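Work through the exercises below with the model open. Try each task before reading its solution.

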Amino acid sequence: MRGATGAAEAGAVAVAATAEPLAAPLLDLHPAPADTRQLVIEGLSRSPKQLPAWFLYDAEGSRLFDLICQQPEYSLTATETALLEQQAPAIAAALGSGTLVEFGAGSARKVAPLLQALAEPAYVALDISAEHLQTACARLQGQFPQVPILGVCCDYSQLEQLPVHPLLRGSAHLGFFPGSSLGNFEPAAAQALLLQFRRLLGPGGRLLIGIDQPKAVARLEAAYNDAAGVSAAFAFNLLARLNRDLWGDFDPTAFRYRARWVPEASWIEMALVSLRPQQVQLAGRRWSFAEGEALITETSAKYSPEAFLKLAATAGWRGEKRWSDPAEDLSLHLLVQAN
Ligand SMILES: C[S@@+](CC[C@H](N)C(=O)[O-])C[C@H]1O[C@@H](n2cnc3c(N)ncnc32)[C@H](O)[C@@H]1O
């Protein structure tokens with residue numbers, strides 16, 4: 001755990017309109033290098049090899065993700081943004097009041113219509129990608145000078161370590177988890193994540209969550225394998241990151257990118273597939289890859305509304321409202337605590 005950067009004290013959080021450039025405070029709680037190394041060792045020791053999806057998001061990964069969102073094949077971002085813009089007044093009325101906590105805020109663009117529609121909002125943005133988060137929060141603070149905004153660089157699946165910042169005191173906070181990011185977690189981990197969010201948001205807390213739904217396989221596979229090759233570049237950036245941060249010698253030309261629908265799991269699996277038998281040095285160890293062996297970079301599960309609400313119920317959440325686009329490509333579910 002690293003120290004706080006920026007003014008994170010209670011008094012510094014409420015930022016007034018001023019002629020000075022606005023800067024939202026940032027708490028940097030990024031996992032320590034030793035923990036990161038351990039996660040990589042565990043992930044490469046698994047069969048199949050797989051790392052937590054957050055490894056994809058260093059500064060370059062975040063930049064590439066924003067580019068993915070502009071690709072015509074990846075319609076999720078445009079659809080969800082339009083839905084939020086159209087339904088913001090109804091969503092804000094159903095959410096009520098409380099600090100809005102976004103899990104995996106990225107460029108924090110989807111939250112703007114909510115901040116516009118909520119009465120007296122405060123906003124906490126959690127994300128693993130520190131530089132990108134800081135830029136996003138500064139941009140948002142300029143757009144909403146009267147809104148208290150805090151950025152927290154952390155792994156949102158490890159919320160036990162989060163200090164109780166003044167904006168997170170009390171209970172009945174409002175969670176926001178767009179982008180269908182829950183799909184990056186396998187069912188047991190997704191359940192654990194929803195339980196953690198419930199604890200952080202406190203009794204009476206609510207969660208607005210965007211969930212991508214199953215659709216034609218060709219459309220799903222194209223969304224994660226865009227013609228411009230940005231999804232592939234995003235995956236290959238993982239190798240560059242591992243080489244840089246953990247003294248690796250991955251040769252990217254010895255892998256190919258693959259995105260495929262796995263019907264029995266109802267998810268898209270994204271992987272870098274070894275083109276030949278090879279050995280790679282990383283984190284002080286030697287790793288073998290067989291020809292055709294995959295390093296899974298990410299999975300993205302798709303849930304029908306019924307399947308998602310069944311999963312949410314196992315973590316003590318009940319669906320209160322649902323908004324969808326006309327094609328029923330995705331849903332925004334408003335969850336309340338079941339007991
Ligand atoms: C798929 S993008 C979604 C971004 C944005 N919420 C949206 O809907 O467009 C996932 C975001 O969550 C962040 N992220 C992924 N895993 C994370 C984790 N375990 N903890 C914190 N942030 C994470 C990434 O850095 C990235 O900004």
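**Exercise 1. Check the length of helix α9 against its expected span.**

Solution. Helix α9 covers residues 230–245, 16 residues in total. The expected span is 1.5 Å times one less than the number of residues. That gives 22 Å, and the end C-alpha atoms are 22 Å apart, so the two agree. Helices here are DSSP runs of H or I with at least four residues, strands are E runs of at least two, and both are numbered from the N terminus. The model is predicted: local features need pLDDT of at least 70, side-chain atom pairs count only at pLDDT 80 or more, and totals for chains, interfaces and linings use all residues. Residues are numbered from 1 along each chain as its sequence is written.

**Exercise 2. Find the buried residues of α9 and what they pack against.**

Solution. Call a residue buried if 20 or more other C-beta atoms, placed from the backbone, lie within 10 Å of its own. In α9 the buried set includes Val-230, Phe-234, Leu-238 and Leu-242. Their packing partners include the helices α2 (33–45) and α3 (59–68). Strands β9 (255–262), β10 (267–274), β11 (278–282) and β13 (294–301) are also among the partners. Contact means C-beta atoms, placed from the backbone, within 7 Å. Just after α9, Trp-247 takes a positive phi of about 50°.

**Exercise 3. Place strand β5 between its neighbours.**

Solution. Start with burial: six of the six residues of β5 (122–127) are buried. Ala-122, Val-124 and Leu-126 point one way, while Tyr-123, Ala-125 and Asp-127 point the other. Now the pairing, which requires at least two DSSP bridges between strands. β4 (residues 99–103) runs parallel to β5 over five bridges. Within that pair, Leu-100 has Tyr-123 as its bridge partner. From β4 the chain reaches β5 through helix α5 (residues 112–117), a right-handed β-α-β crossover. Right-handed means that, with the strands pointing away from the viewer, the path from the first strand over the helix to the second runs clockwise. Five bridges also join β5 to β6 (residues 149–153), again parallel. There, Val-124 stands opposite Leu-150. Helix α6 (residues 130–143) carries the chain from β5 to β6, and this crossover is right-handed.

**Exercise 4. Which strands stand at the edges of the four-stranded open sheet?**

Solution. Write the order: β3-β13-β10-β9, with mixed pairing. β3 (49–50) and β9 each have a single partner strand, so they stand at the edges. β3 pairs with β13 in the parallel sense over two bridges. The bridge partner of Lys-49 in β13 is Leu-295.

Terms used: A residue is buried if 20 or more other C-beta atoms lie within 10 Å of its own, exposed if 12 or fewer, and partly exposed in between; C-beta atoms are placed from the backbone. Two residues are in contact if their C-beta atoms, placed from the backbone, lie within 7 Å.
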